[in-house]
Amino acid sequence: MCKDPLPDEEIALRMAELPGWEREGDAITRTFEIRYHGGVALIVNVADVERLVGHHADIDLRWDHVRFAITTHDAGHRLTAADFDLAARIDLIAEAHQAQPHNA
């Protein structure tokens, strides 16, 4: 996966393909509602995929939700194609865990 920073125009196009994700500066974030132990299982599954693709999110686990923040550290904390690929994978894993979008 290419680790070159994306221009703002391409970031906007990719954001449109990932409903529920928000841009916060040079990161994309999404929060899912899920109880604590379900959140732990979700994180373990995400971590397995992250290891395979060689890219990881910053993860914040709380009692009733999990928040993912993704940026490419190797690209100077900028957004790359790898970030959007990981976000799409996280969406699929969250769906499999029946995690609900936060504030939906």
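**Salt bridges and a helix pair**

Seven salt bridges are present in the structure. The model is a predicted one. Side chains of opposite charge can pair when their charged atoms come close. Three of these pairings are described here, followed by the packing of two helices.

D8 and R23 form a salt bridge, with 3.2 Å between the closest N and O atoms. D8 belongs to helix α1 (residues 8-16) and R23 to strand β1 (residues 22-24), so the pair ties together parts that are 15 residues apart in sequence. Both ends of this bridge have some access to the surface. D8 is partly exposed, at a relative accessible area of 47%. R23 is also partly exposed, and its relative accessible area is 36%.

A second salt bridge joins the side chains of D91 and R30, at 2.7 Å from N to O. This pair links distant parts of the chain. D91 sits in helix α3, R30 sits in strand β2 (residues 27-33), and 61 residues separate them. Both partners, D91 and R30, are buried. Buried here stands for a relative accessible area under 20%.

The third pairing lies within helix α3. R89 forms a salt bridge with D85, and their closest N and O atoms are 2.9 Å apart. The two residues are four apart in the helix, which means that about one helical turn separates R89 from D85. R89 counts as partly exposed, at 34% relative accessibility. D85 counts as partly exposed as well, at 24%. Elsewhere, D8, R23 and D26 are joined into one network by salt bridges that share partners.

Helix α3 also packs against another helix. Helix α2 (residues 36-53) and helix α3 (residues 81-96) meet at an angle of about 145°. Their axes are 10 Å apart. The crossing of α2 past α3 is right-handed. On the α2 side, the contact is made by L42, N45, V46, V49, E50 and V53. On the α3 side, L86, R89, I90, I93 and A94 take part. The residues of this contact divide into eight nonpolar, one polar and two charged. R89 thus appears in two settings: it is among the α3 residues that meet α2, and it forms the salt bridge with D85. Helix α3 also holds D91, the partner of R30 in the buried pair.

Terms used: Residues numbered from 1 in each chain as written. Predicted model: local features only at pLDDT ≥ 70, side-chain atom pairs only at ≥ 80, totals over all residues. Heavy atoms only, no water. Axes fitted to C-alpha atoms, helices over the stretch in contact; angles between N-to-C directions. Left-handed = near helix turned anticlockwise from the far one by under 90°. Contact = heavy atoms within 4.5 Å. Nonpolar A, V, L, I, M, F, W, Y, C, P; charged D, E, K, R; others polar. Salt bridge = Lys/Arg side-chain N within 4 Å of Asp/Glu carboxyl O. Buried < 20%, exposed > 50% of the residue type's maximum accessible area, 1.4 Å probe, protein only.
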